[in-house]
Every structure is written in C-alpha cells, then in structure tokens.
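Visitor: I would like to go through this model by asking, for each label, what justifies it. Could you show it to me and begin with the term you need before the others?

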Amino acid sequence: MANQRLSKKIFNICLVCIIIVVIIFVAMMFILNYDVNGETNMPFQVSKISIISTVDGKDVENSEYKWAIDVIQNNDVYLYIEKNNEYSKQETIESVKLENFVIKQNSNAENMKIYKPTVNETSLFQNSDENVIQSVEFKGANSTDTRNLQISNQGGVISFRCANNKVGTYTSNDDGEINYNQLLNKLNVSEEELKAIVTFDIILNLDSGKAFKAENVAIEVPNQNLVTEGTIGQEYTDLQDIVFKRIEN
C-alpha cells in the first residue's frame with residue numbers, strides 16, 4: 001500500500017509538472033507569435049504608403065554664373081490610416097504620432113531633414129528650419145486637415161517630407177532655360193548616391209484610452225528611375241512588416 005501511495009504521489013507530481021510545462025510552452029508560443037505578428041485585429045490600420053519623389057532647386061545668390069542652382073531632392077510621404085471594417089467595437093482616433101526618425105545608408109545623411117506640413121505656403125511642404133521635426137503628432141478631428149496637423153477620427157491621411165537639401169550645385173552659362181527634372185542627370189548623380197532608408201515609429205492613440213505602437217517602419221527613398229524621370233510617384237500596399245503592439249489598454 002505504501003508503494004502504491006508513493007507511486008500515485010509521483011504520478012501526480014509528474015502530471016502537475018507536465019501541465020506546468022505545457023502552460024509555459026503555450027504562453028511562450030503566444031508571446032513569440034505576438035512579438036512577430038503583433039495585434040491581429042487592429043481598429044485602424046495603415047492601408048497604403050504613397051511616396052512622391054521630385055527634384056527642386058534654390059538659386060545661389062550673387063553667383064558669377066548665369067545659372068547657379070543648389071539642387072534639392074524631395075520625398076513627400078503619405079500614410080493612409082483606414083478603419084478596419086472587421087473590428088467589431090466602435091473606436092475613434094485621438095491622435096497619430098510619428099517619432100524616432102532615423103536616416104540610414106546615405107553618405108549625405110547629415111544634409112537630409114524631415115519636415116512637417118506647413119500652413120503658410122501654397123505647397124504642402126516648405127524646406128525651412130521652422131518645419132524641421134524629430135516627431136510630429138496629428139490630432140483626431142471631425143475631418144482631415146493635413147496643414148493643421150489633423151486627421152479625421154474615423155481615419156485619414158498624414159504626411160511628412162524627407163529632403164536631401166544639398167545634392168549638389170549646378171552651374172551654367174549656356175542653358176537658355178532650366179528643366180529641374182533634368183538636374184540630376186546634369187550633375188551626373190546616380191540613384192545609388194541618393195538612396196536612403198528612413199525608419200520611424202507610429203503611435204496610434206484612441207479616444208477609448210487604447211494605444212498601439214509600430215516600431216521601425218522602414219521606407220526607401222527616392223523612388224526608382226527618379227534620375228531619368230525627375231518626378232515619380234510610387235504606392236505601397238504590401239505593408240505586412242508594419243507590426244502594431246498594444247502599449248496602453
């Protein structure tokens with residue numbers, strides 16, 4: 001009888017250990033899956049990123065040349081935030097914040113800046129010091145107003161500009177007029193020289209108090225064929241690498 005009780009006790013201990021191991025394994029698998037895939041049913045999602053790459057220039061003052069232009073390469077980035085129709089609860093956007101901008105893989109990165117939209121110009125962006133940002137927050141509102149840093153609380157578009165302000169200086173006494181789309185060719189600048197990876201974080205805050213964060217969202221600028229085209233747009237809809245995780249309940 002004593003041996004039977006001992007055997008039963010050992011069996012029960014082993015069974016409990018197995019159950020604990022299974023629970024720990026399931027929990028670890030859940031954590032690993034969440035770390036890789038994040039939230040699988042977000043109330044809002046980034047449905048598209050659009051990038052418009054262009055070439056611009058600024059006249060050099062008091063130059064001895066007929067034409068002296070500091071060449072600028074702009075990349076205007078638009079993020080489309082849309083409501084997830086499969087999400088069952090009613091949620092509204094309190095704010096969307098972009099932060100922790102990092103520019104990589106460009107030898108000229110010190111001349112590259114991130115700009116917020118401006119309210120003072122006819123164009124959406126102006127490459128001026130007062131518009132340089134390390135982060136930008138778009139507040140939820142009844143409708144999207146990008147210039148005033150507002151996004152519809154039901155989803156909308158937010159944007160920023162990544163600009164290379166010192167690609168080079170083009171000088172000439174022979175050109176009758178200047179086509180800015182050809183300036184990169186005239187400077188013999190390659191796409192490889194211009195290429196950069198821009199990473200940033202997205203923080204989505206909801207009026208319910210929930211908050212989600214996607215870290216190290218990466219985009220490549222400028223768009224391909226910019227040197228030959230001068231202006232070129234590209235849309236990206238395969239955004240599986242953008243992984244949101246809950247940071248507030």
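Guide: A residue is called exposed when its relative accessible area is over 50%, buried when that area is under 20%, and partly exposed in between. Please keep in mind throughout that this is a predicted model.

Visitor: Why is Asn 188 called exposed?

Guide: Asn 188 has a relative accessibility of 67%, and the label requires a value over 50%, so Asn 188 counts as exposed. Asn 188 belongs to the loop between helix H2 (183-186) and helix H3 (191-194), and its phi is near 55°, which is a positive value in a residue other than glycine.

Visitor: What makes Asn 225 partly exposed?

Guide: The relative accessible area of Asn 225 is 43%, and because this value falls between the limits of 20% and 50%, the residue is partly exposed. Asn 225 is found in the loop between E9 and helix H4, and although it is not a glycine, it has a positive phi of about 75°. The loop between E9 and helix H4 (226-229) also holds Pro 222, and the peptide bond leading from Val 221 to Pro 222 is cis, with omega near -10°.

Visitor: Which label does Thr 146 earn, buried or exposed?

Guide: Thr 146 counts as buried, because its relative accessibility is 18% and the cut-off is under 20%. Thr 146 sits in the loop between E5 and strand E6 (150-152), where, leaving out residues up to four places away in sequence, it touches Pro 117, Leu 124, Phe 138, Val 157 and Ser 159.

Visitor: And why is Glu 110 called exposed?

Guide: With 54% relative accessibility, Glu 110 counts as exposed, the label being given over 50%. Glu 110 is in the loop between strand E3 (93-104) and strand E4 (112-115), and its C-alpha atom is separated by 9.6 Å from that of Asn 165, a residue 55 positions away along the chain.

Visitor: What makes E4 and E7 a pair?

Guide: Two strands pair if there are at least two bridges between them, and E4 and E7 have four, in the antiparallel sense. Met 112, for instance, has Asn 164 in E7 as its bridge partner.

Visitor: How do you know that E4 and E10 are edge strands?

Guide: The open sheet has five strands in the order E4-E7-E2-E1-E10, with antiparallel pairing. E4 and strand E10 (231-236) each pair on one side only, and they are its edge strands. From one strand to the next, the twist averages 15°.

Visitor: Which residues touch the most other members in the largest nonpolar core?

Guide: In this core of 36 residues, they are Ile 49, Phe 160, Phe 200, Ile 202, Leu 204, Ile 219 and Phe 244. The strands that each supply at least two residues of the core include strand E1 (44-59), strand E2 (67-83), strand E7 (156-172) and strand E8 (196-206), and E8 gives the largest share, six residues. Leu 204, apart from its neighbours within four places in sequence, is in contact with nine residues' worth of surroundings listed by name: Met 42, Phe 44, Ile 93, Ser 95, Val 96, Lys 210, Ala 211, Phe 212 and Phe 244. There is also a second, separate core of 12 residues, among them Ile 69, Ile 178, Val 189 and Leu 194.

Visitor: Why are the rings of Phe 101 and Phe 160 called edge-to-face?

Guide: Their centres are 5.0 Å apart and their planes stand at 65°; rings pair when the centres lie within 6.5 Å, and planes over 60 degrees apart count as edge-to-face, so the pair is edge-to-face. Phe 101 in strand E3 and Phe 160 in strand E7 are 59 residues apart. Phe 101 counts as buried at 11% relative accessibility, and Phe 160 is buried with a relative accessible area of 0%.

Visitor: What makes Phe 160 and Phe 200 an edge-to-face pair?

Guide: With ring centres 5.3 Å apart and planes at 75°, this pair is edge-to-face by the limits just used. Phe 160 lies in strand E7 and Phe 200 in strand E8, so the pair ties together parts that are 40 residues apart in sequence. Phe 101, Phe 160 and Phe 200 form one aromatic cluster.

Notes:
Residues numbered from 1 in each chain as written. Predicted model: local features only at pLDDT ≥ 70, side-chain atom pairs only at ≥ 80, totals over all residues. Heavy atoms only, no water. Buried < 20%, exposed > 50% of the residue type's maximum accessible area, 1.4 Å probe, protein only. Core = buried A, V, L, I, M, F, W, Y, C linked by side-chain atoms within 4.5 Å. Contact = heavy atoms within 4.5 Å. Axes fitted to C-alpha atoms, helices over the stretch in contact; angles between N-to-C directions. Phe/Tyr/Trp six-rings, centres within 6.5 Å; stacked < 30°, edge-to-face > 60°.
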